[in-house]
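This report goes through one protein model, with attention to its aromatic rings, its metal sites and its nonpolar cores. Please keep the structure in view while reading.

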Amino acid sequence: MRAAPDIRTGGCMCGAVRFSATLTSAEFGACHCEMCRRWTGSALLGITMPMANITWQGAEHIRRMQSSDWAERANCDTCGSALYYHVTLDDPMADNLELCLGALDDASGLSFNREIYIDHKPDSFAYAGERERLTRAQILAQLGISDKEGQA
Ligand SMILES: [Zn+2]
Ligand SMILES: [Zn+2]
């Protein structure tokens, strides 16, 4: 573990967008849903943190796309790198975002604690190690979201 506070820098592939983030937790998760798969090309590895904990440089290059009725996804408008996933509902969750782990300059020393939509993961790969693994139905039940609204 690193000394607190754990401040991590990062940015997109081309460097137009840079950030400094103060982590509130060392734990991150993976989402295997279809939208995250298409968005990232594999699975979304994301670390949850308050939006207020991130200072952006080049924020004018952040392109946000409303990807569902309740969430948006942010990319660099120049190189297309995925930056974060954000719930836009009027909900306490909206104070947080899911920062893409791959955007960190150094993602070492963190703990991979959860995979969701595990039943949507292609059978051709699997992340090694033991952790909580939830199906689509399990995560929707946990979030109190009806099956119909469950498109991430
Ligand atoms: Zn970029
Ligand atoms: Zn997802």
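## Aromatic rings

F28 counts as buried because its relative accessibility is 9%, below the 20% limit for that label. The model is a predicted one. A ring partner of F28 is F112, which is also buried, with a relative accessible area of 19%.

By the rule used here, the model has 5 aromatic pairs. The pair of F28 and F112 is stacked, with the ring centres 4.8 Å apart and 15° between the planes. This pair links distant parts of the chain: F28 belongs to strand 3 and F112 to strand 10 (residues 111–116), 84 residues apart.

Another pair is made by W56 and Y84. Their planes stand at 45° and their centres are 5.6 Å apart, so this pair is tilted. It also links distant parts of the chain, since W56 is in strand 5 (residues 54–57) and Y84 in strand 8, 28 residues apart. W56 is partly exposed because its relative accessibility is 22%, whereas Y84 is buried, at 4%.

F28 and F112 also belong to an aromatic cluster, together with F125 and Y127. Two charged residues lie over rings of this cluster. R131 is over the face of F112, at 3.8 Å from the ring centre, and K121 is over the face of F125, at 5.5 Å from the ring centre.

## Zinc sites

The table sets out the protein donors of two zinc ions.

| Zinc ion | Donor atoms | Distance | Spacing in sequence |
|---|---|---|---|
| ligand 1 | C12 (SG), C14 (SG), C76 (SG), C79 (SG) | 2.3 to 2.4 Å | C-x1-C-x61-C-x2-C |
| ligand 2 | C31 (SG), C33 (SG), C36 (SG) | 2.2 to 2.3 Å | C-x1-C-x2-C |

What is the arrangement of the 4 donor atoms around the zinc ion (ligand 1)? The arrangement is tetrahedral, because the angles subtended by these atoms run from 106 to 113°. For comparison, the ideal angle for four tetrahedral donors is 109.5 degrees.

Accessibility values are available for some of the donor residues. C76, a donor to ligand 1, is buried because its relative accessibility is 0%. Among the donors to ligand 2, C31 is buried at 9% and C36 is buried at 2%.

## Nonpolar cores

In soluble globular proteins, nonpolar side chains tend to be buried together. The largest nonpolar core here has 23 residues, and I47, M49, L99 and L110 have the most contacts inside it. Elements that give two or more residues to this core include strand 3 (27–31), strand 4 (44–50) and strand 9 (96–100). Strand 2 provides the largest share, 3 residues.

Leaving aside neighbours within four places in sequence, M49 is in contact with several residues, among them A21, T22, L23, I54, L97 and L99. A second, separate core has 17 residues, including C33, C36, Y85 and I145. C33 and C36 are also donors to the zinc ion (ligand 2).

## One residue in strand 2

T22 is found in strand 2 (residues 18–23). At 27% relative accessibility, T22 is partly exposed. Apart from neighbours within four places in sequence, its contacts are P5, D6, I7, M49 and N53. T22 and P5 are 17 residues apart in sequence, while their C-alpha atoms are 6.7 Å apart in space.

Key
Residues numbered from 1 in each chain as written. Chains lettered and ligands numbered in written order. Predicted model: local features only at pLDDT ≥ 70, side-chain atom pairs only at ≥ 80, totals over all residues. Heavy atoms only, no water. Donors = N, O, S within 2.8 Å, 3.2 Å for Na, K, Ca; no water. Buried < 20%, exposed > 50% of the residue type's maximum accessible area, 1.4 Å probe, protein only. Helix = DSSP H or I, 4+ residues; strand = E, 2+ residues; numbered from the N terminus. Contact = heavy atoms within 4.5 Å. Core = buried A, V, L, I, M, F, W, Y, C linked by side-chain atoms within 4.5 Å. Tetrahedral: all angles 85-135°; square planar, octahedral: opposite > 155°, others 65-115°. Phe/Tyr/Trp six-rings, centres within 6.5 Å; stacked < 30°, edge-to-face > 60°. Lys NZ or Arg CZ within 6 Å of the ring centre and 35° of its normal.
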